[in-house]
Amino acid sequence: MRIVIAGGHGKIALRLERLLAARGDTPVGLIRNPAHAADVREAGAEPVVIDLEDTTVTQLTERVMGADAVVFAAGAGPGSGAERKATVDRDAARLLADAASLAGVRRYIMVSAIAVDEGPPPGSEPVWAAYVEAKRAADDELRRRSLETDWTILRPGRLTDGSGTGRVWLAPKVERGEIPREDVAAVIAALLDEPAAIGRVLELVGGSTPIRDAVEALGA
């Protein structure tokens, strides 16, 4: 499969690109900074430079054309303000969905965050609250596209950089917890092959079930 990944230089994306390339897929990493191209190539992906905050749907559609699936793993990142949470975490996710639809690419996996439907707790730090609201809005937008998009929304818990365990808890609702980015990437790769994941909102934390078993259980 040819899989286009928005946020192609992110920590989850680079891990995902390595997994996809190793199994014979063709990952494409969308990146804003040309200096990141070497890292994306080293991960086994094709780097494509495009700024999701400063492009048109037509330009993005050209980059998505010919893909079998898209993955939204982009984010404004630490240190960004509330405005960029809206322009990246919400608006860029919507732009990718528009481009995928125009390109005829139905499969879309959104990397979201655990429990965003609950909204930010009262008194939350303003930038964190903006992030949660942006993720919730992006998820809501994607769920309204069921006629044109075979979507899956993946909501991992607190992300860590430790080694993956290969064992997870994947379900519509789980208790809050941690999950290594390596395991998140492996779950995304498995979800791409699982038709039963389409139209599902899934939370993800570390657990005791092997990833393949957890994903296959969605079809049980």
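1. D89 lies in helix 4, and in this predicted model the residue counts as buried, since its relative accessibility is 2%, which falls under the 20% cut-off for that class. Leaving aside its neighbours within four places in sequence, D89 is in contact with F72, A74, G75, A76, R84, Y131, A134, K135 and A138. Of these partners, Y131, A134, K135 and A138 belong to helix 5 and are themselves listed among the buried residues of that helix.

2. A82 also lies in helix 4, but here the relative accessible area is 38%, and A82 is partly exposed. Apart from residues up to four places away in sequence, A82 touches V127 and A130. The C-alpha atoms of A82 and W128 are separated by 7.9 Å, although the two residues stand 46 residues apart along the chain.

3. Helix 5, covering residues 126-143, has 18 residues and reaches 26 Å from its first C-alpha to its last, close to the 26 Å expected at 1.5 Å a residue. At the start of this helix, a side-chain oxygen of E125 comes to within 3.1 Å of the backbone nitrogen of V127. The buried residues of helix 5 are A129, A130, Y131, V132, A134, K135, A138, D139, E141 and L142, so that charged side chains such as those of K135, D139 and E141 appear in the list beside alanines. What covers these buried residues includes strand 4, helix 4, strand 5 (107-111) and strand 6 (150-156).

4. The loop between strand 5 and helix 5 contains A115, a residue that deserves a look when the backbone is checked. Its phi is near 65°, a positive value in a residue other than glycine. A115 counts as buried, with a relative accessibility of 6%.

5. In helix 3, which spans residues 57-64, the buried residues are L60, T61 and V64. Seen down the axis of helix 3, these buried residues fall within an arc of 105°, so they line one face of the helix. The spacing can be read against a general rule: an α-helix has 3.6 residues a turn, so residues three or four places apart point the same way. What covers the buried residues of helix 3 includes strand 1 (2-6), strand 2 (26-31), strand 4 (69-72) and helix 4 (82-103). Helix 3 is followed by G66, for which phi is positive, near 90°.

6. Where does strand 1 sit with respect to the rest of the structure? Of its 5 residues, 4 are buried, so strand 1 is largely enclosed by the rest of the structure. Strand 1 is joined to strand 2 by 5 bridges, the two strands running parallel, and V4 stands opposite V28 in strand 2. Strand 1 also pairs with strand 4 in the parallel sense, over 4 bridges, and in this pairing I5 stands opposite V71 in strand 4.

7. The connection between strand 1 and strand 2 can be described further, as strand 1, helix 1 (residues 11-22) and strand 2 make a right-handed β-α-β unit. Strand 4, which pairs with strand 1, is included in what covers the buried residues of helix 3 and also in what covers those of helix 5. Helix 4, the element that holds both A82 and D89, is likewise included in the cover of helix 3 and in that of helix 5.

Conventions:
Residues are numbered from 1 along each chain as its sequence is written. This is a predicted model: local features need pLDDT of at least 70, side-chain atom pairs count only at pLDDT 80 or more; totals for chains, interfaces and linings use all residues. Side-chain values use heavy atoms; hydrogens and water are left out. Buried means under 20% relative accessible area, exposed over 50%, partly exposed in between (1.4 Å probe, protein chains only). The arc is that of the directions from the helix axis to the C-beta atoms. Contact means heavy atoms within 4.5 Å. Two strands pair if DSSP finds at least two bridges between them. A crossover is right-handed if, with the strands pointing away from the viewer, the path from the first strand over the helix to the second runs clockwise. The expected span of a helix is 1.5 Å times one less than its number of residues. A polar contact is a pair of N or O atoms within 3.5 Å; within protein, one must be able to donate a hydrogen and the other to accept it, and residues adjacent in sequence count only if both atoms are side-chain atoms.
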